[in-house]
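Open your viewer, get comfortable, and let's take a walk together. At each stop you will hear what to select and what is there.

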Amino acid sequence: MRDNIPIKEEPISEYTVQDWARLHQVDVISFSDMLPIEYSNGHSENKNAQSIDSKFGDYSALDIWNMTARGVSHSIPDLSKIAFETRDICQTTFDAPAADRPMTLDRGAGRAPVVSMCYQGTPADMLCVAHEFGHALQYHLAQGRFVPPILRELAAFLAEAVLLRYVQREDPQLAAPLKAAARADDAIYLGQDGDLLRAALDDPQAAYDYRLNYPVARHLAHAVTTRSQPALWERIFRAQLTLPEMLARRQTGLANTLPAVPDPDQERPAINAYRVLGMMVLLDIETRQGEPDKAIETYYAARLAHLQAQTSLVAVDRAGKPFGYALWDVDPADPDLITLKRQAAPFGDHLELQERLQAQLPATACARSHHPRSARQEQTAW
Ligand SMILES: [Zn+2]
């Protein structure tokens, strides 16, 4: 569990749920649409309990601490220096007694945060390291300024998501166990803690419980990490946005109106192919440029060829919604020479699509864009 309860803000029973909401400049009712229905009524069973509770690989806590710093540096270049500074100056204890709660202590301006947790090498422990790093980074940036607890937990969850993204790219074998651990955590933060929030909404005069922060922060973290948003993420770590501002962004930030799609079914390749084609069509219609004007047979033949040659990628976000796709050709004489034939990212997720592409293409590949409407026929894509 990633309880983060700084000593100085130990929940005090005379605080009510209403006080907690006011501390964040909102009314309790603002949280009413943050109760994901799929987690209500205890539907949170975890199929991966075995794998996420046992040690995975040979990663030390410091390895993960370091990877999280590198992940922040990679995802938010403007925080690069401060992320590595946080990595280096914090006092960390990773062999705390198992019964102790993981915690990061803010010691105010000019003094480095103190981190303490029990690390045993499980994927859940790794996420916990990233979580505490997120707190430490935010405390280091805040230099003693008070940050309300929902915004603190949001920064910590964001650091977990940043580690996940970094691992997907740099150490893919770690991605699946970390994702499974994150899903199991969702069941707790959105499920069990979501039930707490539900009860709190019914009784704003009830006593405040620190765990109420988790479902709100987790919900916001999911909303802001469906795609790469370095400028927004930086402001979250810097605690520059109030909760009302975050809530407003969440509503305007989710422009993707496409339906979520199920994971590919390995036993039904034809269905998968239809689904991929369908996603391309929907994305092209959203893009409202060029492709949808073509005759169906021309459009279809081009995509069928790419599907058969395995030179296509449809990128799906965490919510299962397609947000972009790409088609490319591989030079028959040089497999490292890739020509991008089409990149569609109608909701503005071009960087994210590019990252997915880079992860899929050979590391040595050199990609060129093909811009039929541009004066320059070719330009280096990255
Ligand atoms: Zn925390």
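## Getting your bearings

Of the 382 residues in the chain, 49% count as buried. Keep in mind as you look around that this is a predicted model. Switch to a cartoon view and colour by secondary structure: the chain has 13 helices and 8 strands. Now think about contacts between residues at least 6 apart in sequence: 68% of them join residues at least 24 apart.

## Stop 1: the zinc ion

Select the zinc ion and show the side chains of His131, His135 and Glu153. Which atoms are the protein donors of the zinc ion? They are NE2 of His131, NE2 of His135, and two OE atoms of Glu153, lying 2.1 to 2.7 Å from the ion. Along the chain, these donors follow the spacing H-x3-H-x17-E.

Next, look at the angles. Ideal angles for four tetrahedral donors at a metal are 109.5 degrees. Here the angles among the 4 donor atoms run from 52 to 143°. To count as tetrahedral, four donors need all angles between 85 and 135 degrees, so the site of the zinc ion is irregular.

Now colour helix α5, residues 123-142. How far apart in helix α5 are histidine 131 and histidine 135? They are 4 residues apart, which means that about one helical turn separates them.

Try a surface view here. Are these two histidines buried or exposed? Histidine 131 counts as buried because its relative accessibility is 0%. Histidine 135 is also at 0% relative accessibility and counts as buried.

## Stop 2: where α3 meets α5

Keep α5 on screen and add helix α3, residues 61-75. Two packed helices are described by the angle between their axes and the distance between the axes. The axes of α3 and α5 come within 9 Å and cross at roughly 55°. That angle makes α3 oblique to α5. The crossing of α3 past α5 is right-handed.

Show the side chains at this contact. On the α3 side, select Ala61, Ile64, Trp65, Thr68, Ala69 and Val72. On the α5 side, select Met126, Val129, Ala130, Glu132, Phe133, Ala136 and Leu137.

Now zoom in on threonine 68, which sits in helix α3. With a relative accessible area of 0%, threonine 68 is buried. Which residues does threonine 68 touch, leaving out those up to four places away in sequence? Look for Ala130, Phe133, Ala159 and Leu163.

## Stop 3: where α6 meets α8

Hide α3 and bring up α6 (149-170) together with α8 (213-224). The axes of α6 and α8 come within 8 Å and cross at roughly 50°. These two helices are therefore oblique to each other. Here too, α6 passes α8 in a right-handed crossing.

Pick out the residues that meet. From α6, show Pro149, Ile150, Glu153, Leu154, Phe157 and Glu160. You have already visited Glu153, since it is among the donors of the zinc ion. From α8, show Asn213, Tyr214, Val216, Ala217, Arg218, Leu220 and Ala221.

## Stop 4: the loop between α7 and α8

Go to the loop between α7 (175-202) and α8, and select aspartate 203. At 37% relative accessibility, aspartate 203 counts as partly exposed. Add valine 17 and draw a distance between the C-alpha atoms: 186 residues separate valine 17 and aspartate 203 along the chain, yet these atoms are 7.8 Å apart.

Stay in this loop and click on aspartate 209. Its relative accessible area is 31%, so aspartate 209 is partly exposed. Draw another C-alpha to C-alpha distance, this time to tryptophan 20: the value is 9.1 Å, for residues 189 apart in sequence.

## Stop 5: two glutamines with positive phi

Select glutamine 143, in the loop between α5 and α6. Although glutamine 143 is not a glycine, it has a positive phi of about 50°. Glutamine 143 is partly exposed, with a relative accessible area of 35%.

For your last selection, choose glutamine 310, in the loop between α12 (296-309) and β4 (312-316). What is the phi of glutamine 310? The value is near 55°, positive in a residue other than glycine. Because its relative accessible area is 66%, glutamine 310 is exposed.

Methods
Residues are numbered from 1 along each chain as its sequence is written. This is a predicted model: local features need pLDDT of at least 70, side-chain atom pairs count only at pLDDT 80 or more; totals for chains, interfaces and linings use all residues. Side-chain values use heavy atoms; hydrogens and water are left out. Donors are N, O and S atoms within 2.8 Å of the metal (3.2 Å for Na, K and Ca); water is not among the atoms, so sites may look incomplete. Four donors count as tetrahedral if all angles lie between 85 and 135 degrees; four count as square planar and six as octahedral if opposite donors are over 155 degrees apart and all others between 65 and 115; anything else is irregular. Buried means under 20% relative accessible area, exposed over 50%, partly exposed in between (1.4 Å probe, protein chains only). Axes are lines fitted to C-alpha atoms, for helices over the stretch in contact, and angles run from 0 to 180 degrees between N-to-C directions. Angles under 35 degrees count as roughly parallel, over 145 as roughly antiparallel, 65 to 115 as roughly perpendicular and the rest as oblique. A crossing is left-handed if the near helix is turned anticlockwise from the far one by less than a right angle, and right-handed if clockwise. Contact means heavy atoms within 4.5 Å.
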